[in-house]
Amino acid sequence: NELTATGGVILSGLAISSLLEIKKIRVGNMLPGLEDEALDKHTLAWAERVNNSGGAYLTPAILDGRWMVRVSIGAIPTERQHVDALWALMRREAEGD
């Protein structure tokens with residue numbers, strides 16, 4: 001794990017830019033060789049694949065002119081295994097582009 005200059009954390013190519021509330025995070029890619037529109041296209045593509053999988057629903061949004069996704073975990077019965085499964089799904093789709 002690596003801390004970014006903006007206070008975010010980079011985990012395996014996905015960057016958690018900030019905690020909005022206890023159960024909401026913003027996630028964007030930080031991949032070598034991808035910048036600007038190419039990075040936006042990549043982020044939107046993996047978010048769409050996650051959404052189409054039926055395993056989770058992510059909300060794409062623009063932050064500081066770049067696309068990222070918002071993750072909100074608010075269901076009371078959510079357990080650590082559900083969060084781990086979501087993270088694995090996001091990584092698999094983000095790394096598979």
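**Exercise 1. Asp36 and its partner**

Task: In this predicted model, is Asp36 buried, partly exposed or exposed? Which residue forms a salt bridge with Asp36?

Solution.
- Step 1. Asp36 has a relative accessible area of 39%. Buried needs under 20% and exposed needs over 50%, so Asp36 is partly exposed.
- Step 2. The partner is Arg66, with the closest N and O atoms 3.7 Å apart. The cut-off is 4 Å, so the pair counts as a salt bridge.
- Step 3. Place the two residues. Asp36 sits in helix H1 (residues 36-53) and Arg66 in strand E6 (residues 66-72). The pair links distant parts of the chain, 30 residues apart.
- Step 4. Arg66 is also partly exposed, at 28% relative accessible area.

**Exercise 2. A second bridge to Arg66**

Task: Which residue forms a salt bridge with Arg66 at 2.5 Å, and what network results from shared partners?

Solution.
- Step 1. Asp40 pairs with Arg66; their closest N and O atoms are 2.5 Å apart.
- Step 2. Asp40 lies in helix H1 and Arg66 in strand E6, so this bridge ties together parts 26 residues apart in sequence.
- Step 3. Asp40 has a relative accessibility of 9%, so Asp40 counts as buried.
- Step 4. Salt bridges with shared partners join Asp36, Asp40 and Arg66 into one network.

**Exercise 3. Helix to helix**

Task: Which residue forms a salt bridge with Glu93, and which helices does the pair tie together?

Solution.
- Step 1. The partner is Arg49, with the closest N and O atoms 2.9 Å apart.
- Step 2. Glu93 belongs to helix H2 (residues 80-95) and Arg49 to helix H1, so the bridge ties together parts 44 residues apart in sequence.
- Step 3. Glu93 is buried at 18% relative accessibility. Arg49 is partly exposed at 26%.
- Step 4. For the whole structure, a search finds 5 salt bridges.

**Exercise 4. The two sides of H1**

Task: How many residues does H1 have, and where around its axis do the buried ones lie?

Solution.
- Step 1. H1 has 18 residues. From first C-alpha to last, H1 reaches 26 Å, close to the 26 Å expected at 1.5 Å a residue.
- Step 2. List the buried residues of H1: Leu39, Asp40, His42, Thr43, Trp46, Ala47, Val50 and Asn51.
- Step 3. These residues cover an arc of only 165° around the axis, so they lie on the same side of H1.
- Step 4. Turn to the other side of H1. Glu37, Lys41 and Asn52 are exposed there.
- Step 5. Check the residue just after H1. Gly54 takes a positive phi of about 80°.

Conventions
Residues numbered from 1 in each chain as written. Predicted model: local features only at pLDDT ≥ 70, side-chain atom pairs only at ≥ 80, totals over all residues. Heavy atoms only, no water. Salt bridge = Lys/Arg side-chain N within 4 Å of Asp/Glu carboxyl O. Helix = DSSP H or I, 4+ residues; strand = E, 2+ residues; numbered from the N terminus. Buried < 20%, exposed > 50% of the residue type's maximum accessible area, 1.4 Å probe, protein only. Expected span 1.5 Å × (residues − 1). Arc of directions from axis to C-beta.
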